[in-house]
Amino acid sequence: ENGANGLPDNWTVFPQNIAIYTWDANYSNMGNHSVKVEIAGTDFGMWQQTVDVNAGIVYTLSGDVSFENVNSDGYCNLEVVFRDSNNQIIEHVDLAKHCNGSRCFELDFPYSMKFRAPAEAVTAEINCFLKGPGSAWFDDMFFATAPLGNIAGTVSSDGQKLEGVNVYLNGQPWGEDYND
């Protein structure tokens, strides 16, 4: 919600001269502004913010998306692009693509995407992306470390506490095998 010269703090646009970019004070889901991308043809444009990340940590992304007159030649969506210390792309995560007509603001699906930063990741680009034609608005963006929980309790059998029990968890949460 803060910014100057028509740009919200810490956000940039890419590419510069293809799309129409607006820090829109007339249409938002929460607060006073949203960011808007308009494309007349089949080019693309995006609002972009780069943040530092820690390799191996699980992050979550959510945000509200609205769009108008987006057809089968285009789409809009949220993206995360992880980069290494040489600014090379090491992973590109696309959230659901919207390519059918118009919609008012809704929390994007999946509502709170979780993913693990790759081993060499040092930054993540959060992209509010539109491939035209059409218009797309993005608001209430949230990117942060995902809350993680702990497992605690007592193992019992027939109401009796069992001593010396080992509990094993198996799975692949957010792209990494977990065995403990």
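## A loop with an unusual backbone

Let's start at Asp-158, which sits in the loop that links strand S14 (156-157) and strand S15 (160-161). This is a predicted model, and in it Asp-158 has a positive phi of about 50 degrees even though it isn't a glycine. That's worth a pause, as most residues other than glycine have a negative phi. With a relative accessible area of 79%, Asp-158 is exposed, because anything over 50% counts that way.

Asp-140 is another non-glycine residue with a positive phi, in this case about 55 degrees. Rather than a loop, look for Asp-140 in strand S13. Its relative accessible area is 28%, so Asp-140 is partly exposed.

## Two cis prolines

Now for the peptide bonds. Most of them are trans, but the bond from Phe-14 to Pro-15 is cis, with omega near -15 degrees. You'll find Pro-15 in the loop between strand S3 (12-14) and strand S4 (20-24).

The bond from Gly-132 to Pro-133 is cis too, and here omega is near 10 degrees. Pro-133 belongs to the loop that runs between strand S12 (123-131) and strand S13 (134-145).

## Glu-79, a buried charge

Head next to strand S8 (residues 75-83), where Glu-79 lies. Glu-79 is buried, yet it has no salt bridge. Why no salt bridge? The nearest side chain of opposite charge, Lys-97, is 6.5 Å away, and a salt bridge needs the side-chain nitrogen and the carboxyl oxygen to be within 4 Å, so this pair doesn't qualify.

Glu-79 does have a polar contact of 3.5 Å, side chain to side chain, with His-92. Leaving out neighbours within four places in sequence, the residues that Glu-79 touches include Met-46, Leu-61, Val-93, Asp-94 and Phe-129. Glu-125, Ile-126 and Asn-127 are also among its contacts.

## Glu-91 over in strand S9

Last stop: Glu-91, part of strand S9 (residues 89-94). Is Glu-91 buried, exposed or partly exposed? Its relative accessibility is 31%, so Glu-91 counts as partly exposed.

Setting aside neighbours within four places in sequence, Glu-91 is in contact with Val-80, Val-81 and Phe-82, as well as Arg-116 and Pro-118. If you'd like a sense of distance, try Ala-144: Glu-91 and Ala-144 are 53 residues apart in sequence, and their C-alpha atoms are 17 Å apart in space.

Conventions
Residues numbered from 1 in each chain as written. Predicted model: local features only at pLDDT ≥ 70, side-chain atom pairs only at ≥ 80, totals over all residues. Heavy atoms only, no water. Helix = DSSP H or I, 4+ residues; strand = E, 2+ residues; numbered from the N terminus. Buried < 20%, exposed > 50% of the residue type's maximum accessible area, 1.4 Å probe, protein only. Contact = heavy atoms within 4.5 Å. Lys, Arg positive; Asp, Glu negative; His and termini not counted. Polar contact = N/O pair within 3.5 Å; in protein donor to acceptor, adjacent residues only side chain to side chain.
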